[in-house]
Amino acid sequence: MSFPEPVILGNSEPINKIRELVKKLADIDLNVLICGESGVGKELVARALHYYSRRRNQPFVKVNCAALPAELIESELFGYEKGAFTGADRQKLGKFELAGDGSILLDEIGEIPPSIQAKLLQVLQDRKFPRVGGYKDIAITSRIITATNRDLQADIISGSFREDLYYRINIIKIAVPSLREHKEDLELLINHFLKEQQETYKLPDIKIPSHIIDLFYQYHWPGNIRQLENYIKRLSILDNVDEFEREFLVQVNKQQKIDRASLQIEAEIPSPDTHTDEPDVKKFSSLKEIRDKAVYKLETEIINKVLDENNWNRKKTAKILKISYRTLLYKIKELGIKPY
Ligand SMILES: Nc1ncnc2c1ncn2[C@@H]1O[C@H](COP(=O)(O)OP(=O)(O)OP(=O)(O)O)[C@@H](O)[C@H]1O
Ligand SMILES: [Mg+2]
């Protein structure tokens, strides 16, 4: 069985650490929980854990717990016997059984309904289970990997995730960093995805203009590497940088509006603290708010100053500020900078 090598790209410190951790943990059969925002590479890390282990030539089975309705998860995971329920006209093997001596990835584990959480906990403790409607126990010999983009600890507090199950799956945690935390890998990733597109679609050489790269560095990638990958695909297929840029700026704008709205919300949340000895937190803005406001103010002042000193020659201003012309135009619009 061939399993392509999952290559975790990046030369940044956080990614180097992830790569080291994966190699170190690959052959240690403890349950691993991979967490991180959506699109950061959790599945890639799970595949790498499998690939670098002695289980490489055994199956890698992925179960997307979010995609399955509650009634189906149980039979999907554990299989069923013929006649177990109406419509069970033949025996079906579950994913645990199919994984055999390989690895099983329970993706989006946070979406598993409470009734199945109890059963899963039991099965993980016993490392054996009967198929639905069956009696004979089937042993679990696969390596169990779980992944989530949810804050499971918050789910434990809200009561939607069992604490005992959390401790069972989270013997070792791998926290995959967001793309914002390793932007120094942006160019390497961009080139990789570009090359992949070119090879797949036999496209001519594509070069992304530097002002777009500048914008990429400024953007904060809520959808992480998957979003970057999709943008590069779009860019290479569109073959129209201007159109791409327009679309991208719409995204950036949207994100900034969301950020500002959330800042406003943070500022408006009343303090629940009524104890008189405590400082009056309502009087103070959050540090994030203060920082964002300061950045806006400083950027506006500096751009304004350089523009004024150069008679609003925007090409020259962009050069002095070491940003692209387009980025400058964008910032002028965004920050509402006008000639006095
Ligand atoms: N470090 C990396 N190097 C190269 N490609 C990466 C890297 N991280 C992620 N990718 C690519 O980005 C895409 C998304 O990765 P993956 O599916 O593993 O993310 P995920 O965290 O599981 O996302 P989701 O939460 O949406 O399920 C994949 O095409 C993957 O190959
Ligand atoms: Mg995933």
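The shell around ligand 1 in this predicted model consists of eight nonpolar, three polar and five charged residues (Ala, Val, Leu, Ile, Met, Phe, Trp, Tyr, Cys and Pro count as nonpolar, Asp, Glu, Lys and Arg as charged, and the others, Gly among them, as polar). Of these 16 residues, Leu9, Gly39, Lys42, Leu44 and Glu229 come nearest (near: a heavy atom within 4 Å). Residues are numbered from 1 along each chain as its sequence is written, and ligands are numbered from 1 in the order in which they are written. Local features need pLDDT of at least 70, side-chain atom pairs count only at pLDDT 80 or more, totals for linings use all residues, and side-chain values use heavy atoms, without hydrogens and water.

Polar contacts (N or O pairs within 3.5 Å) link oxygen atoms of ligand 1 to a polar side-chain atom of Glu229 at 2.6 Å, to a polar backbone atom of Gly39 at 2.9 Å and to a side-chain N or O atom of Arg226 at 3.0 Å. The protein buries 84% of the 630 Å² that ligand 1 exposes when taken alone (Shrake-Rupley method, 1.4 Å probe).

Domain 1 (13-177) and domain 2 (180-334) both contribute to the shell, so ligand 1 lies between them (bounds from an automatic or database domain assignment).

Note on methods: A polar contact is a pair of N or O atoms within 3.5 Å; within protein, one must be able to donate a hydrogen and the other to accept it, and residues adjacent in sequence count only if both atoms are side-chain atoms.
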